[in-house]
Structure formats: C-alpha cells, structure tokens
Amino acid sequence: MAVITVERKPLTFLERTYLPQIAGGLKTTFKHLIAPKKTLEYPEQRPAIPVGYRGVPTLVKDPNGREKCVSCQLCEFVCPPKAIRITPGEIPADQAERAHVEKGPQAFDIDMLRCIYCGLCQEVCPEEAIFLQNQFSMSGYTRAEMVNHKDRLYELGGTLPDAHHKWDKKKAAEEHGNAH
Ligand code: SF4
Ligand code: SF4
C-alpha cells in the first residue's frame, strides 16, 4: 500500500508572531461592540411575544367576570400527558346569574411539569374557557409549586372578549320564554 506523506508547511515569520490572528480576533470584537445589541437584559427586558404564541395554559372569565368553565372535563380527557386534574362542583340554583349552568370546577389544577404546551385543551374546550396565553416563564423550587391551581389559573388568564355570549343568549331566551 502506497504511503502518502503530507508535507507540513513551516510557519512564516508573521504567523509565528500571532499578530494576524490577534488582529482578526480584535476585529470581530470591535465589530460586535458597535453593532446593534442582539441580547436582552432579561427579566427586566422581555422579547415581543408573537400573535398566537402558546404559553402557559390559563383559565379565563367572560367580560361580565363570570367563570366560563362548566367543568365538562373534555380538556382533562384530551390532555396527552394527563397534566389537568378537575374536580367538578355543582352550581347552586340560587346563584341567579349562573342559574343556567349546572357545573363549575371546584378545583382545577394544571401540572406544568407535565404540560407539553400542545394547546389541545384550548382546541377542545366548548366554552372557550382555557387559553394558552403569553406567559412563557414558570419556575419553582418544588414540584408542588409547579402546579397551577384554579385561583392562579384565573389570575394568569384574566378576562377575554367573548365573541359568542352563548350563556347570555341562552339566559335571555329562557327569560323571554318564561315571559310568555
Ligand atoms: S397544553 Fe396540552 S399538555 Fe398542556 S394542559 Fe393543555 S392539553 Fe395538556
Ligand atoms: S376548561 Fe373547557 S374543556 Fe376544560 S372542563 Fe372547563 S369547559 Fe370543559
């Protein structure tokens, strides 16, 4: 078998001084010094969130401040990693403004150590009560801290505009029907 010997070229005088390499490195450094900054001082500065961003799942209320979730448990059923746990509760008949709804969540927990931000819970919800919104940062010191309970979910979700006003319409229709 033929042996190929690769000749190693001796370094030139300039190469042996390392000056061209140092100058090349400094050129890159100074180029970045004057270039516009590409980094942010997080968490004081935060990136712009694009429309449709799917962050932490949250529960939302309707424009009247009522909880929209009717505890149907579809989201719990569909959630691939089983991150959602719901304890349904009955809505007392004497709650006038919610008398048309049978159930609401007594407890609603989302384990963010399990959640994969797939958005299926939002897709499947018939009441548009659960949304993946802008919140992208969740941290905690214990596993328990990483579970968002109902109060926290509503705090994160807030109130969203409701295009359908489904229950308002249903209630109005019932009242109209009773009047006749
Ligand atoms: S985003 Fe996906 S994984 Fe997270 S709670 Fe919803 S369905 Fe479950
Ligand atoms: S959030 Fe939506 S899908 Fe989940 S239990 Fe409530 S109403 Fe049903």
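This is a short talk on the side-chain contacts, ligand surroundings and backbone geometry of one structure.

Thanks, everyone; before anything else, please keep in mind that what you see above is a predicted model, and that every value I quote is computed from it.

Let me start with the aromatic residues. The structure holds 1 aromatic pair, and a pair of this kind is described by the distance of the centres and the angle of the planes. Here the partners are Tyr42 and Phe136, whose ring centres are 6.2 Å apart and whose planes stand at 40°, so the pair is tilted; to be called stacked, the planes would have to be under 30 degrees apart, and to be called edge-to-face, over 60. As for where the two rings come from, Tyr42 belongs to the loop between helix H2 (19-34) and strand S1 (57-59), while Phe136 belongs to the loop between strand S4 (130-132) and strand S5 (147-148), so the pair ties together parts that are 94 residues apart in sequence. Tyr42 is partly exposed, at a relative accessible area of 41%, and Phe136 is also partly exposed, at 29%.

Staying with Tyr42 for a moment, I would point you to the bond that follows. The peptide bond from Tyr42 to Pro43 is cis, with omega near 10°, and Pro43 sits in the loop between H2 and S1. Most peptide bonds are trans, and most residues other than glycine have a negative phi, which brings me to two further places in the backbone. Ser71 has a phi near 60°, a positive value in a residue other than glycine; Ser71 is placed in the loop between S1 and H3, and with a relative accessible area of 0% it is buried. Lys82, in turn, has a positive phi near 55°, lies in the loop between H3 and strand S2 (84-90), and at 38% relative accessibility counts as partly exposed.

Now to the charged residues, where the structure holds 5 salt bridges, and I will go through some of them. Buried or exposed: which of these describes Asp62, and which describes Arg66? The two form a salt bridge, with the closest N and O atoms 3.3 Å apart, and Asp62 is buried at a relative accessible area of 8%, as Arg66 is buried at 11%. In the bridge between Glu41 and Lys37, the closest N and O atoms are 3.7 Å apart; Glu41 counts as partly exposed, at 49% relative accessibility, whereas Lys37 is exposed, at 61%. A further bridge joins Arg85 to Glu76, at a closest N to O distance of 3.9 Å, and in that case Arg85 is partly exposed, with a relative accessible area of 46%, while Glu76 counts as buried, at 15%.

Two other lysines deserve a word. Lys68 is in the loop between S1 and helix H3 (74-78) and counts as buried, at 9% relative accessibility; a polar atom of the Lys68 side chain lies 3.1 Å from the backbone oxygen of Glu128. Lys61, for its part, lies over the face of Tyr154, at 5.0 Å from the ring centre. I would add one contact between uncharged side chains here: Thr58, in strand S1, makes a polar contact of 2.9 Å with the side chain of Gln133, and Thr58 counts as buried, at 1% relative accessibility.

Finally, the ligands. Which residues surround ligand 1? Its surroundings consist of Cys79, Pro80, Pro81, Ile84, Cys115, Ile116, Tyr117, Cys118, Gly119, Cys121 and Leu132, and by class this shell has 10 nonpolar residues, 1 polar residue and no charged residues. Around ligand 2 there are 13 residues, of which Cys69, Cys72, Gln73, Cys75 and Cys125 come nearest, and that shell divides into 10 nonpolar, 2 polar and 1 charged.

To close, if you turn the model yourselves, I suggest looking again at Tyr42, which takes part in the aromatic pair with Phe136 and in the cis peptide bond to Pro43.

Note on methods:
Residues numbered from 1 in each chain as written. Chains lettered and ligands numbered in written order. Predicted model: local features only at pLDDT ≥ 70, side-chain atom pairs only at ≥ 80, totals over all residues. Heavy atoms only, no water. Phe/Tyr/Trp six-rings, centres within 6.5 Å; stacked < 30°, edge-to-face > 60°. Helix = DSSP H or I, 4+ residues; strand = E, 2+ residues; numbered from the N terminus. Buried < 20%, exposed > 50% of the residue type's maximum accessible area, 1.4 Å probe, protein only. Lys NZ or Arg CZ within 6 Å of the ring centre and 35° of its normal. Near = heavy atom within 4 Å. Nonpolar A, V, L, I, M, F, W, Y, C, P; charged D, E, K, R; others polar. Salt bridge = Lys/Arg side-chain N within 4 Å of Asp/Glu carboxyl O. Polar contact = N/O pair within 3.5 Å; in protein donor to acceptor, adjacent residues only side chain to side chain.
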